[in-house]
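Trainee: I should like to understand how the terms used for a protein model are justified. May we go through some of them together?

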Amino acid sequence: MFIGFLLMRFLLACLGGGQRLFLVLALGLTFFAAGFSLSGTVVAIAASVDMEALAETGGLEEQALGDPDAPVTVIEYASMTCAHCARYHVETLPALKRRYIDTGKVRYVVRGLPTDPRAEAGLMLAYCAKDDYFRVSDLLYRTQTQWAWVQDGRSALLKTAINAGFSQESFEACLTDSKLLDEVRSMRNWGLERLGIEAVPTFFINGMKHSGAMSIEEMSAIIDGML
């Protein structure tokens, strides 16, 4: 009940008035019947967090890019059905990768905080892709509007998964993996309960918490001061 309350508070904090009504309706629907996107604004105030809690994921192994010894570590929490997360992944992350990750200045860590069943499914597919996690994750964000909010979510997500290299059999096997689903939810709950995340995306940059999608200029302004 406590976890459910935290997740509801988190979602309502991110959504506007009309979207709150949609959320109430969506919670009564099944995974393949509905989905929703998050909306919010960048919160400029940074806050420090419990570094011991931040060092743990609470569930799945995190995914990472870049030099483990880079002077700056960015930890991202995002949901694959969050429109702001998708925009960040399409517009900001590629530039961040070229400017900071590929040059050894930033280690970039990705953790999931799925906000609805379709986001859970997307994250599960990315993990089932194993070494292709980032390729599948990128595809899901870039095609978000084609599967995240359409009526027949199952068929749409299957089509996207097949384009990513899944067969129907491997798609079904992935999404019916109860152990993986439990780990996905454990990672989400860790972010909500232990790290106090109230919006997606949320970034921890060398331990400082920044909520909301940022442009490359906003990310650079923070990172450059740490180099």
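**From value to term**

Mentor: In strand S5, threonine 202 has tyrosine 77 standing opposite. Please keep in mind that this is a predicted model.

Trainee: What makes S3 and S5 a pair of strands?

Mentor: Pairing requires at least two bridges between the strands. Strand S3 (residues 72-78) and S5 have four bridges, in the antiparallel sense, so they satisfy the definition.

Trainee: How do you know that S5 and S6 pair?

Mentor: Four bridges join S5 to strand S6 (residues 208-211), again in the antiparallel sense; the requirement is at least two, so the term applies. Among the partners, isoleucine 205 is bridged to methionine 208 in S6. The two strands form a hairpin with two residues between them, and asparagine 206 in the turn has a positive phi of about 50°.

Trainee: Which way do the residues of S5 point?

Mentor: Thr202 and Phe204 point one way, Phe203 and Ile205 the other way, and all are buried. In a regular strand, side chains alternate between the two faces of the sheet.

Trainee: Why is histidine 89 called buried?

Mentor: Its relative accessible area is 7%, and buried means under 20%, so the term is justified. Histidine 89 lies in helix H4 (residues 83-101). Leaving aside residues up to four places away in sequence, histidine 89 touches Glu76, Pro94 and Tyr141.

Trainee: Which residues of helix H9 are buried, and where do they lie around the axis?

Mentor: Phe171, Cys174 and Leu175 are buried in H9 (residues 168-175). They cover an arc of only 90° around the axis, and therefore lie on the same side of H9. Their cover includes helix H5 (117-128), helix H8 (153-163) and helix H10 (178-193).

Key. Residues numbered from 1 in each chain as written. Predicted model: local features only at pLDDT ≥ 70, side-chain atom pairs only at ≥ 80, totals over all residues. Heavy atoms only, no water. Buried < 20%, exposed > 50% of the residue type's maximum accessible area, 1.4 Å probe, protein only. Arc of directions from axis to C-beta. Contact = heavy atoms within 4.5 Å.
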